[in-house]
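Please load the model in your viewer and keep the selection tool at hand. The stops below move from the interior outwards to the charged pairs.

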Amino acid sequence: MSLINLLPQKIQEELSHKSLLKVISGLNNFEPESVKKISEAASLGGADLIDIACKPELVESALKISSLPICVSSVNPKSFIHSVKAGASLIEIGNYDSFYEKGITFSEEKVLNLTKETKDFLPNIPLSVTVPHTIPLDRQVD
């Protein structure tokens with residue numbers, strides 16, 4: 001079975017129409033008030049999905065403000081478990097921009113290992129994996 005069938009119906013529809021709008025609050029944005037404001041704006045603005053930092057309290061807060069599905073982003077596979085229990089519908093490895101400023105990059109091997117580890121923890125949760133732009137284009141495809 002494809003995990004796409006586990007996505008909320010609205011997301012499935014928007015994906016099939018290639019018109020999904022995801023609002024990202026930031027992988028390292030753990031400020032509750034900021035996430036609340038972004039969640040509210042996403043909901044009012046017609047977004048289909050909110051992508052927030054992977055923290056259960058943020059998931060719970062966003063779900064109080066908006067009925068939109070929540071995606072949580074992290075580069076720590078274990079951190080997804082509690083956010084999914086809190087109500088996140090999707091998980092994403094990625095949104096690496098905040099790490100680049102610190103000189104931290106993610107190799108192909110690192111991204112693949114993060115992906116495998118995440119799938120081991122949560123095999124039945126839809127997972128998106130961002131491929132870092134720092135990997136050469138021909139290797140991104142692989």
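Which residues does Ile70 touch, not counting residues up to four places away in sequence? Select Ile70 in this predicted model, and display its contacts: Leu49, Ile50, Ile52, Val59, Ala62, Leu63, Ala88, Ser89 and Leu90.

Widen the selection next to the largest nonpolar core, which has 28 residues and in which Ile70 is listed among those with the most contacts, together with Ile52, Val59, Val72, Phe80, Ile91 and Phe106. Colouring by secondary structure is useful here, since at least two residues of this core are supplied by each of α2, β2, α3, β3, α4, β4 (90-93) and α6 (108-121). A second core of 5 residues, separate from this one, includes Leu7, Ile11, Cys71 and Leu90.

Now isolate helix α3, residues 56-65, and show its buried residues, which are Leu58, Val59, Ser61 and Ala62. When the view is turned to look down the axis of α3, these buried residues fall within an arc of 165°, so they line one face of the helix. Their packing partners are α2 (32-44), β2 (49-53), β3 (70-74) and α4 (79-85).

Move then to the loop between α2 and β2 and select Asp48, which counts as buried because its relative accessibility is 6%. Apart from neighbours within four places in sequence, Asp48 is in contact with Lys10, Ile11, Glu14, Ser19, Leu20, Leu21, Leu68 and Pro69. Salt bridges that share partners join Asp48 with Lys10 and Glu14 into one network. Within that network, Lys10 and Glu14 form a salt bridge whose closest N and O atoms are 2.8 Å apart, and both residues lie in helix α1, 4 residues apart, or about one turn of the helix. Their burial can be compared by accessibility: Lys10, at 42%, counts as partly exposed, whereas Glu14, at 14%, counts as buried.

For another charged pair, select Arg139 and Glu108, whose side chains meet in a salt bridge (2.8 Å, N to O). Arg139 lies in helix α7 (residues 137-141) and Glu108 in helix α6, so this pair ties together parts that are 31 residues apart in sequence. Arg139 is partly exposed, with a relative accessible area of 36%, and Glu108 also counts as partly exposed, at 28%.

Finish on the surface, where Ile4, Leu15 and Leu20 form a nonpolar patch with about 210 Å² of accessible area together. Of these, Ile4 is found in the segment before α1 (9-16) and, at 38% relative accessibility, counts as partly exposed.

Definitions and conventions: Residues are numbered from 1 along each chain as its sequence is written. This is a predicted model: local features need pLDDT of at least 70, side-chain atom pairs count only at pLDDT 80 or more; totals for chains, interfaces and linings use all residues. Side-chain values use heavy atoms; hydrogens and water are left out. Buried means under 20% relative accessible area, exposed over 50%, partly exposed in between (1.4 Å probe, protein chains only). The arc is that of the directions from the helix axis to the C-beta atoms. Contact means heavy atoms within 4.5 Å. Patches are made of residues with over 30% relative accessible area and no salt bridge: like charges are joined within 9 Å, nonpolar side chains (Val, Leu, Ile, Met, Phe, Trp, Tyr) within 5 Å. Accessible areas come from the Shrake-Rupley method with a 1.4 Å probe; for residues, only the protein chains shown count as cover. A salt bridge is a side-chain nitrogen of Lys or Arg within 4 Å of a carboxyl oxygen of Asp or Glu. A nonpolar core is a set of buried Ala, Val, Leu, Ile, Met, Phe, Trp, Tyr and Cys residues joined through side-chain atoms within 4.5 Å.
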